[in-house]
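Trainee: Pick one helix and take me through it closely. Then set it among its surroundings.

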Amino acid sequence: MLIQESHVDVPTTADGQGTMRIYVFHPTIPGYPNARFPGVVIFSEIYQVTGPVARFARQIAGQGYICAAPSSYHEFTGPEPLKYDAEDTDNGNKWKITKKLAAYDEDARLSVDHLLSLPTCNGRIGATGMCLGGHLAYRCALDSRVKAAVCYFATDIHSKTLAQGKNDDSLERAGDIQGELLMIFGKNDNHVPPEGRDLIRKTLHEKGVLFGFYEVAWAQHAFIRDELSKGRYDPAITKVCFEMLLELFGRTLKLDLGEHDGKKQVIEDVC
């Protein structure tokens, strides 16, 4: 599927810093100008919408989803991507815990609002992201309008250290998630250690969230970043995880399942 790329600058209020740029990756089908597609908010890592994040967005858009990628650090810098160097890594990590939690949530809400405002959006919204973006996709799923979220190696959920004050409420609010989650981690991810992953999984179970949880053997943090990944990029596993994303989004965003019948599923105990 072909793609058209653009951007829009939307006003923000939670941070008092003016506007946020949203990069839009829109699928097109020649001869069908009124075709409608689901929307997906794509949250970036601490470096904003870099080349790898944009390529990730294009891959999803090419499967028939309108992708909106917000620049998360509009309070502190321009919309351009940060560099994968020591200075901008320090900046990204500093701004991650300087930005207000309410501002992160407003960014997500505005991104969803923008997708729903498009006449070419079918009204069904998903979210995904990597690293910081994995956590932000999780928080985006707190919005009842979001039907599904795929969170790649979501940082800081287990430690409650996102945003100003380093005391977010993401785990406490897990029960607010009405859509379906897919949490993806590497077994060797030292940013989210085993006990952190166990805490996330246990909490999602206890809160009654519908979710899948995938820990990839041998994979490290940021294993889907196809450039400057510090030797961690694994294209084979990245492909498998992308197919899992497409399965979830295809089932929840492209199909119209109607209302749940309210019946509890009974699993027959057979070999």
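Mentor: What follows starts with one helix and works outward.

First, the ground rules. This is a predicted model, so local features need pLDDT of at least 70, side-chain atom pairs count only at pLDDT 80 or more, and totals for chains, interfaces and linings use all residues. Residues are numbered from 1 along each chain as its sequence is written, and side-chain values use heavy atoms, with hydrogens and water left out.

Take helix H6, residues 235–254. Helices (H or I, at least four residues) and strands (E, at least two) are DSSP runs, numbered from the N terminus. The length of H6 checks out: its 20 residues should span 28 Å at 1.5 Å a residue, and its end C-alpha atoms are 26 Å apart, which agrees. The expected span is 1.5 Å times one less than the number of residues.

Now its buried side. Buried means under 20% relative accessible area, exposed means over 50%, and partly exposed lies in between (1.4 Å probe, protein chains only). The buried residues of H6 are Ile237, Thr238, Cys241, Phe242, Leu245, Leu246, Leu248, Phe249, Gly250, Thr252 and Leu253. Look at the spacing with this in mind: an α-helix has 3.6 residues a turn, so residues three or four places apart point the same way.

What covers these buried residues? The cover includes strands S3 (37–43), S5 (121–130), S6, S7 and S8, along with helix H1 (51–61). Contact here means heavy atoms within 4.5 Å.

That leads to the core. A nonpolar core is a set of buried Ala, Val, Leu, Ile, Met, Phe, Trp, Tyr and Cys residues joined through side-chain atoms within 4.5 Å. The largest one has 86 residues, and Tyr138, Tyr152, Leu181 and Met183 touch the most other members. H6 gives the most to this core, with eight residues. Follow Tyr138 for a moment. Setting aside residues up to four places away in sequence, Tyr138 touches Cys151, Ile157, Ser170, Leu171, Ala174, Ile177, Leu181, Met183 and Leu204. Leu171 and Ala174 turn up again beside Thr203, with neighbours within four places in sequence left aside. Thr203 sits in helix H5 (residues 194–206) and counts as buried at 10% relative accessibility.

Next, the cysteines. A disulfide is a pair of cysteine sulfur atoms within 2.5 Å, and a search of the whole structure finds zero. Cys241 of H6 is in none; the nearest cysteine sulfur, that of Cys151, is 13 Å away. Cys241 is buried, with a relative accessible area of 0%. Cys67 is also buried at 0% relative accessibility. Its closest cysteine sulfur, in Cys121, is 11 Å off, too far for a bond.

Cys67 takes us into the sheet pairing. Two strands pair if DSSP finds at least two bridges between them. Strand S2 (residues 19–28) and strand S4 (residues 66–70) pair in the antiparallel sense over four bridges. Here Phe25 stands opposite Cys67 in S4. S2 also pairs antiparallel with strand S1 (residues 2–11), over 10 bridges. Val10 stands opposite Met20 in S2. S2 is mostly covered: seven of its 10 residues are buried.

Back towards H6, by way of the chain before it. Glu215 lies in strand S8 (residues 210–216) and counts as partly exposed at 26% relative accessibility. Glu215 touches Phe185, Lys187 and Arg197, not counting residues up to four places away in sequence. Glu215 and Glu247 are 32 residues apart in sequence and 17 Å apart in space, C-alpha to C-alpha. Between S8 and H6 runs a loop that holds Lys230. Lys230 is exposed, with a relative accessible area of 60%. Note its backbone: a positive phi of about 60 degrees, although Lys230 is not a glycine. Most residues other than glycine have a negative phi. Lys166 also has a positive value, near 45 degrees. Lys166 is in the loop between strands S6 (146–152) and S7 (180–186), partly exposed at 46% relative accessible area.

Last, the annotation. UniProt, in an unreviewed entry, lists residues 34–251 as "domain: Dienelactone hydrolase". UniProt positions follow the numbering used here, feature names are shortened, and annotations may be inferred rather than shown by experiment. The end C-alpha atoms of residues 34–251 lie 22 Å apart, and the span is 36% helix and 20% strand.
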